[in-house]
Amino acid sequence: IAITLAGGAEGLSALSFSFISQVERGRMVSYDNFQAADEARAVRGFRAFGGTGRVEAGVLHAPAGPGPKLVAEEPGFARGEVGAEVLLPDAAPGNAGLIVKLSEPGVGADQFNGYEVALDAAAGQLRLGRHRQNFEPIRDVPCAVPVNRWIPLVVRMTETALEIVVD
């Protein structure tokens, strides 16, 4: 399991997350800025792939950056549910969300295989995309993405489907 944020160029995003359930094998990830490469294990139970960040009072604060990821070191899963509460401080360009069904993570925005589920306040949309060491948009769905407010984001997974719940 892993969690992801990608705030605007000047913005600071925050993320509070919980693992809701877990079944079978697979892996989930999140992408945004969490720890520097030399501090790859600075957040207990996670491995960082680029970025900087800090945890204060149980909340992960992550500034914008070129696609760093924080990946859980525990076994992943293909069926189950993961959720996060995402806070975007403003409508600066960028997004925040989760990356699920992860494999082959690396440093850089598109350096992984998996699915991106992200909120974009500037565009007012939810984005679903596939990554195979690249970015392939699947669908952008218009939705309210309020700034400076915690937004619940949940992804329910089966072997062949994703169900996404916002707020």
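**A chat about a predicted model**

Guide: This is a predicted model. The mean pLDDT of the protein is 74, and 72% of the residues reach 70 or more.

Visitor: Which strands have the lowest and the highest mean pLDDT?
Guide: Among the elements of the protein, strand S3, residues 28-31, has the lowest mean value, 35. Strand S11 has the highest, 95.

Visitor: Where does pLDDT stay under 50?
Guide: Over residues 1-41. The model has 214 contacts beyond four places in sequence for that stretch.

Visitor: What should I do with coordinates where pLDDT is low?
Guide: Where pLDDT is low, predicted coordinates should not be read in detail.

Visitor: Back to S11, then. Where is Gln125 found?
Guide: Gln125 is in strand S11, which covers residues 125-132.

Visitor: Is Gln125 buried or exposed?
Guide: Buried, because its relative accessibility is 14% and the cut-off for buried is under 20%.

Visitor: What does Gln125 touch?
Guide: Leaving out residues up to four places away in sequence, Gln125 touches Ala118, Leu119, Asp120, Asp140, Val141, Pro142, Cys143 and Val145.

Visitor: New topic: salt bridges. How many does a search of the whole structure find?
Guide: Seven. One of them joins Glu159 and Arg79, with the closest N and O atoms 3.1 Å apart. This pair links distant parts of the chain, 80 residues apart. Glu159 lies in the loop between strand S13 (150-157) and strand S14 (162-166), while Arg79 is in strand S8, residues 79-87.

Visitor: How does the relative accessible area of those two come out?
Guide: Glu159 is partly exposed at 45%. Arg79 is partly exposed too, at 31%.

Visitor: What does Glu81 meet in a salt bridge?
Guide: The side chain of Arg156, at 2.6 Å from N to O. Glu81 is in strand S8 and Arg156 in strand S13, and the pair links distant parts of the chain, 75 residues apart.

Visitor: And is Glu81 buried or exposed?
Guide: Glu81 counts as buried, at 17% relative accessibility. Its partner Arg156 counts as partly exposed, at 34%.

Visitor: Which residues are linked with Glu81 in a network of salt bridges?
Guide: Arg156 and Glu163.

Visitor: What about Arg130, what does it form a salt bridge with?
Guide: With Glu136, the closest N and O atoms being 3.1 Å apart. Arg130 is partly exposed, with 28% relative accessibility.

Visitor: Now the rings. How many aromatic pairs does a search of the whole structure find?
Guide: Zero.

Visitor: OK, so what sits over the ring of Phe49?
Guide: The charged end of Arg47, 5.6 Å from the centre of that ring.

Visitor: Last topic, the nonpolar cores. How many residues has the largest one?
Guide: It has 18 residues. Those with the most contacts inside this core are Leu88, Leu98, Val117, Val145 and Val155.

Visitor: Which strands each supply at least two residues of this core?
Guide: S8, S9 (95-103), S10 (113-120), S11 and S13. Strand S13 gives the most, with four residues.

Visitor: And what is Val117 in contact with?
Guide: Leaving aside neighbours within four places in sequence, Val117 is in contact with Ala96, Gly97, Leu98, Leu126, Arg127, Leu128, Leu153, Val155 and Ile164.

Visitor: What lies apart from the largest core?
Guide: Another core, of six residues, lies apart from it. Among its members are Phe46, Ala48, Leu70 and Ala72.

Terms used
Residues numbered from 1 in each chain as written. Heavy atoms only, no water. Buried < 20%, exposed > 50% of the residue type's maximum accessible area, 1.4 Å probe, protein only. Contact = heavy atoms within 4.5 Å. pLDDT = per-residue confidence, 0-100. Phe/Tyr/Trp six-rings, centres within 6.5 Å; stacked < 30°, edge-to-face > 60°. Lys NZ or Arg CZ within 6 Å of the ring centre and 35° of its normal. Salt bridge = Lys/Arg side-chain N within 4 Å of Asp/Glu carboxyl O. Core = buried A, V, L, I, M, F, W, Y, C linked by side-chain atoms within 4.5 Å.
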